[in-house]
Amino acid sequence: MTTSDKTKSIRDGFGEGLVEVGKNNPNIIVLSADVSESTRTNLFKEKFPERFIEVGVAEQNMAVVASGLANYGKIPFISSYAVFSPGRNWEQIRTTIAINNLPVKIIGGHAGVIVGPDGVTHQALEDIALMRVLPNMVVVVPCDAIEARKATLAIAQNGKPSYLRTERPETPIITTEDSPFEIGKANILVDIQDTSPSEAPKERRRVAIIACGSLVFNALAAAEELSKEGIEVEVINCHTIKPLDEKTIIESAQKTGAIVTVEDHQLAGGLGSAVAECLAQNHPAPQEFVAVHDRFGQSGTPEELLKEYGLDKDSIKNSVRKVLGRK
Amino acid sequence: MPLTEEQKKELQEKALKIRKLIIESLAEAGSGHLAGSLGMTDIFAAFYFGGILNHDPKNPSWPERDRLILSNGHICPARYAAMALAGYFPVEELKTLRKFGSRLQGHPEASRLPGLETTSGPLGLGLGQSCGIAYGLKIDSKNNYVFCLMSDAEQQEGNTWESAMFAGKNKLSNLIAVVDFNNIQITGNVSEIMPVEPLRAKYEAFGWNVLEINGHDFEQIINSVETAKKSVGKPTLIIAKTIAGKGVSEIEGDYHWHGKAPTKEEAERFLQQLK
């Protein structure tokens, strides 16, 4: 699962999913703030021009117009880069979408440092936090293009305000068409069998890596290499940050006794925080955060940036070793 | 079309009742926004009782209804009073304004009270939501109108202008906005805090029809809406000149009453001053 000669961008998966959604439901309306090509809503625009609304560079208006459309009975998708939406229009989303529990789908494009050359102003590292603190909001971070397509279909039907995070670059395909996808159900990609339940997890070199987004690939790569050193690594693709699959996470902590979370997002407020909140309340376990440690992004290639910000395979391996030392 | 004396008298009575209920409900609540509520009363009376709004108080989600969006949600005491008199809920319920568990929240919350359409309070958001509803109606070839009530200070919010641009570009002729032009906001007079004039020129530049009226003249209110309803290819803005606190001579025009509720003693005195 860790070698992949197939790569495809998550944004492409979303764009294709959106066209499918448009075919299935005549009430779907797509709004874009001038970046339809790079967010891939242009595919929907070509197929269903009468249901595509270009609002220009006006993300705040995009959110409230979408709220009005949803109020009227449509199912709107709003799309821009995550720094602008939900960045710039956060309060509009709060007041007119979240509070009213309207089924507007917010697609945050170009998320993470992995955006690359555009640089700090365009690299959203706060969007998961911004969205998950809102009641009623569903937050999904697909790990690859295939999952992104499924996630798009799923949020189109869930009747709730929803946030979907997409990424710009081509990244490895991890899942298959047959892989299960259900909002709120994390997928255990590498399952540790509990072969000696009598032995306390504390004594054993076991860890769970809980990851989201394209970095799930790095988590799998790290796990494969670590297993050759005799470390048992469970890998969970936690695509839904909210509602969090607490059951799976708690069971994983019970099994392994040590957690490493992985995300292309600030340490504060993202997947790692959500996991920590869950475990602190149910089954406290030592946890290391592979995330951006309170820094802003910068221009670079994805490879350079993942290395610089400690999000690459080696950083994950180091975090695993560190958390094992804390057991 | 001119109003008959009887029609005017009826609307004056409704407006008087609304003003009374505003003062009483705010005094009971102990907090809230008196000045704007009183200033917009005649417009609410005209909408709910002057035949402007096509609606059914017994069926707030009637699909054929016109939508009335209150963007400057803080003046909801006026809307709540008008809705109560129109039969959306019992007048008695106005006593619960701003209280724990009430359907009449301090700022309107759509899910709590059928008929409100949107949640509002944060300024600058109503016009865009109105645009979204108007756009949806238009592409579905529906004939309903969308009315958006805004304040003048609200024109200071950038989102308002994004929405104005959007309405103009998309030729939302089923959208009719009304600005409550009373020149007051929390900190003082709009013209001194952050002037929004020339409002007519601005909206016209954004592709809107603009009408200017006296916001206390029922005939002008009704006739301007009639004109707006006939608009082809453009949304319409009605700039309604109003006096903050209208009806209570002691506070008319005084911005200090923007965000204040009367005490029980003041309420008694104010009720006397209502004609």
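Visitor: How many residue pairs are in polar contact between chain B and chain A?

Guide: There are 8 such residue pairs, with both partners at pLDDT 80 or more. Please keep in mind that this is a predicted model.

Visitor: Which elements of chain B give two or more residues to the side that touches chain A?

Guide: They are helix 5 (126-139) and helix 6 (158-169) of chain B. Helix 5 of chain B gives the most, with 9 residues.

Visitor: How many residues does the contact take from chain B and from chain A?

Guide: Chain B brings 24 residues and chain A brings 23 residues. On the side of chain B, Leu125(B), Glu162(B) and Phe166(B) lose the most area to chain A, and together they account for 25% of what that side buries. Counted between chain B and chain A, the buried area is about 1,900 Å², and carbon and sulfur atoms give 56% of that area.

Visitor: Why is the pair Asp140(B) and Lys74(A) called a salt bridge?

Guide: The closest N and O atoms of Asp140(B) and Lys74(A) are 3.0 Å apart. The cut-off is 4 Å between a Lys or Arg nitrogen and an Asp or Glu carboxyl oxygen, so the pair qualifies. Between chain B and chain A the count is 1 salt bridge, while the structure holds 31 over all chains.

Visitor: What makes Lys255(A) and Glu234(A) a salt bridge?

Guide: Here the closest N and O atoms are 2.7 Å apart, and the limit is 4 Å, so this pair passes too. The pair links distant parts of the chain, with Lys255(A) in helix 9 and Glu234(A) in strand 11 (residues 232-237) of chain A, 21 residues apart.

Visitor: Are Lys255(A) and Glu234(A) buried or exposed?

Guide: Both Lys255(A) and Glu234(A) are buried. That word is used for a relative accessible area under 20%.

Visitor: Why does Arg295(A) count as partly exposed?

Guide: Its relative accessibility is 33%. Partly exposed covers what lies between under 20% and over 50%, so Arg295(A) belongs there. Glu308(A), at 43%, is partly exposed for that reason as well. Arg295(A) and Glu308(A) form a salt bridge, with their closest N and O atoms 2.8 Å apart. Arg295(A) sits in the loop between strand 14 and helix 11 (302-308) of chain A, and Glu308(A) sits in helix 11, 13 residues apart.

Visitor: How do you know that Arg112(B) and Glu109(B) meet in a salt bridge?

Guide: Their N to O distance is 3.1 Å, and the rule asks for within 4 Å, so the name fits. Arg112(B) has 37% relative accessibility and therefore counts as partly exposed.

Visitor: Which residues are linked with Glu20(A) in a network of salt bridges?

Guide: Arg149(A) and Glu177(A) are linked with Glu20(A) in that network.

Visitor: How do you know that the span of helix 10 of chain A is close to what is expected?

Guide: Helix 10 (residues 271-282) has 12 residues and reaches 17 Å from its first C-alpha to its last, against an expected 16 Å at 1.5 Å a residue. Its buried residues include Leu271(A), Val275(A), Cys278(A) and Leu279(A). Among the elements covering them are helix 9 (246-256) and strand 13 (259-266) of chain A.

Visitor: What does the predictor give the complex as ipTM and pTM?

Guide: The ipTM is 0.97 and the pTM is 0.96. Chain B averages a pLDDT of 97, and 100% of its residues score at least 70.

Conventions:
Residues are numbered from 1 along each chain as its sequence is written. Chains are lettered from A and ligands numbered from 1 in the order in which they are written. This is a predicted model: local features need pLDDT of at least 70, side-chain atom pairs count only at pLDDT 80 or more; totals for chains, interfaces and linings use all residues. Side-chain values use heavy atoms; hydrogens and water are left out. pLDDT is the predictor's confidence in each residue, from 0 to 100. Helices (H or I, at least four residues) and strands (E, at least two) are DSSP runs, numbered from the N terminus. The expected span of a helix is 1.5 Å times one less than its number of residues. Buried means under 20% relative accessible area, exposed over 50%, partly exposed in between (1.4 Å probe, protein chains only). Contact means heavy atoms within 4.5 Å. Buried area is the accessible area (1.4 Å probe) that two parts lose on being put together, summed over both. A salt bridge is a side-chain nitrogen of Lys or Arg within 4 Å of a carboxyl oxygen of Asp or Glu. A polar contact is a pair of N or O atoms within 3.5 Å; within protein, one must be able to donate a hydrogen and the other to accept it, and residues adjacent in sequence count only if both atoms are side-chain atoms.
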